[in-house]
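This report covers how two helices pack, how two domains meet, and what surrounds a ligand.

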Amino acid sequence: MSLTDTKQAPTAGAATKPAVFVDGGSGTTGLGINERLRLSNDVVVKTIPDDKRKDPAAKKALMEETDLVILCLPDDAAKETVALIDSMGASGPKVLDASTAYRVAPDWAYGFAELAPDQADKIRAAKKVSNPGCYPTGAIALLRPIVDAGLLPPDYPVTVNAVSGYSGGGKSMIASFEDGSAPSFELYGLGFEHKHLPEMQLYSKLSRRPIFIPSVGNYRQGMLVSVPLQLDTLPGKPSGADLHAALARRYAGSKFVSVMPLQNEATKTGRLEPEALNETNMLELYVFASDKYHQAVLVARLDNLGKGASGAAVQNMQLMLGLPEG
Ligand SMILES: NC(=O)C1=CN([C@@H]2O[C@H](COP(=O)(O)OP(=O)(O)OC[C@H]3O[C@@H](n4cnc5c(N)ncnc54)[C@H](OP(=O)(O)O)[C@@H]3O)[C@@H](O)[C@H]2O)C=CC1
Ligand SMILES: CC(=O)N[C@@H](CCC(=O)OP(=O)(O)O)C(=O)O
């Protein structure tokens with residue numbers, strides 16, 4: 001069987017489409033990417049026979065004819081594929097890594113296109129891009145604009161609380177929730193060492209390590225990330241409206257990030273659920289604020305498998321290959 005089987009029916013002009021290989025394509029993130037690629041039909045997807053999917057020689061042969069490789073692997077396996085790509089020199093494909101392995105590596109571009117005005121161009125120009133973690137996508141989206149605006153000092157003692165659906169833990173966590181052996185809700189990360197902390201701190205431009213308390217609930221996908229702030233401890237004592245204005249300025253015109261109006265159904269009821277953006281690449285940012293108590297909670301809502309993983313990966317792929325975004 002050929003190593004270069006394509007998944008899509010050949011169409012006129014298919015020869016000019018860029019070739020993409022999803023390494024780890026049968027895992028949770030990989031399946032989400034493959035499904036999105038199937039629907040968009042902008043690229044030719046190269047596939048590897050199942051019995052060869054962990055065979056480095058077979059991967060290397062496939063990558064010789066690939067423009068971009070998307071890694072949806074555990075960190076150690078991702079590093080092995082990156083070593084293969086490095087061994088190919090300048091003729092090797094571009095690489096987009098969904099694992100945690102290179103998120104703070106200085107020679108990789110960070111794949112959160114909305115991070116700063118020039119970030120999408122950095123992703124377009126890069127040969128190596130790391131796809132952000134789901135929780136950092138929410139936390140950085142909330143924190144970076146208010147640090148850049150001078151409203152939040154970099155050494156402020158930030159706390160980030162979050163809840164994820166169980167698909168965030170990949171195949172093994174999905175199995176434990178679906179066979180009933182997992183608890184219905186759990187805090188974790190209580191050892192202060194969650195793997196997302198370095199990228200959260202670096203790209204939010206915080207000089208003090210935040211406290212990050214994630215949790216996982218008995219539902220498949222969808223995520224809320226929240227940052228509580230005592231506004232009268234911040235320089236200049238900003239209001240909720242000031243924080244909202246800084247977020248709105250940063251994301252004005254953004255296709256995938258929406259800053260929700262200060263008054264909306266959620267701020268009226270004081271409630272927000274995590275699943276509303278499932279199967280999309282959208283990220284919603286909310287400012288809940290009390291002028292009476294000088295308190296605010298910033299909240300990001302996203303699909304951990306959408307803008308938190310597979311959706312963001314397809315967005316980055318489109319930037320890296322010069323394809324239309326959408
Ligand atoms: N799930 C999520 O919400 C998110 C996940 N990520 C990251 O994406 C990566 C993938 O995670 P996820 O999809 O959840 O994990 P899964 O466990 O669902 O899938 C991982 C896949 O990788 C395969 N695999 C393992 N080793 C190799 C190898 N050497 N060569 C080829 N395939 C291999 C596994 O196959 P097998 O089971 O047969 O070993 C499995 O199909 C991880 O680094 C994860 O941290 C990032 C953002 C969000
Ligand atoms: C619910 C759950 O377990 N979530 C995962 C994070 C998912 C993710 O984003 O993983 P990456 O770091 O590879 O991007 C966790 O906390 O480890």
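In this predicted model, helices H1 and H10 are oblique to each other, because an angle of about 45 degrees between them falls neither under 35 degrees nor in the range 65 to 115. H1 covers residues 28-40 and H10 covers residues 306-321, and their axes are 8 Å apart. The crossing of this pair is right-handed.

On the H1 side, the contact is made by Thr29, Gly32, Ile33, Arg36 and Leu37. These residues meet Ala309, Ser310, Ala313 and Val314 of H10. By class, the contact of H1 with H10 has five nonpolar residues, three polar and one charged.

**Domains**

The domain assignment splits the protein into domain 1, made of 14-132 and 309-321, and domain 2, which spans 134-306. The C-alpha centres of the two domains are 26 Å apart. Where they touch, 17 residues of domain 1 are in contact with 25 residues of domain 2. On the domain 1 side, H1 and H10 are the elements that contribute two or more residues. H10 contributes the most to that side, with five residues. The domain 1 side consists of seven nonpolar, eight polar and two charged residues.

**Ligand 1**

Where does ligand 1 lie with respect to domain 1 and domain 2? It lies between them, since both domains give residues to the shell around it. The shell holds 27 residues, of which Gly27, Thr28, Ser99, Gly170 and Ala309 come nearest to the ligand. Ala309 also belongs to the H10 residues that meet H1.

Four helices give two or more residues each to the shell: H1, H3 (75-87), H6 (170-178) and H10. H1 gives the most, with three residues. H1 and H10 thus appear both in the shell around ligand 1 and on the side of domain 1 that touches domain 2.

The table sets out the residue classes for the three groups described above.

| Group | Nonpolar | Polar | Charged |
|---|---|---|---|
| Contact of H1 with H10 | five residues | three residues | one residue |
| Side of domain 1 that touches domain 2 | seven residues | eight residues | two residues |
| Shell around ligand 1 | eight residues | 14 residues | five residues |

Conventions:
Residues are numbered from 1 along each chain as its sequence is written. Chains are lettered from A and ligands numbered from 1 in the order in which they are written. This is a predicted model: local features need pLDDT of at least 70, side-chain atom pairs count only at pLDDT 80 or more; totals for chains, interfaces and linings use all residues. Axes are lines fitted to C-alpha atoms, for helices over the stretch in contact, and angles run from 0 to 180 degrees between N-to-C directions. Angles under 35 degrees count as roughly parallel, over 145 as roughly antiparallel, 65 to 115 as roughly perpendicular and the rest as oblique. A crossing is left-handed if the near helix is turned anticlockwise from the far one by less than a right angle, and right-handed if clockwise. Two residues are in contact if their C-beta atoms, placed from the backbone, lie within 7 Å. Ala, Val, Leu, Ile, Met, Phe, Trp, Tyr, Cys and Pro count as nonpolar, Asp, Glu, Lys and Arg as charged, and the others, Gly among them, as polar. Domain bounds come from an automatic or database domain assignment. A residue is near a molecule or strand if its C-beta atom, placed from the backbone, lies within 6 Å of it.
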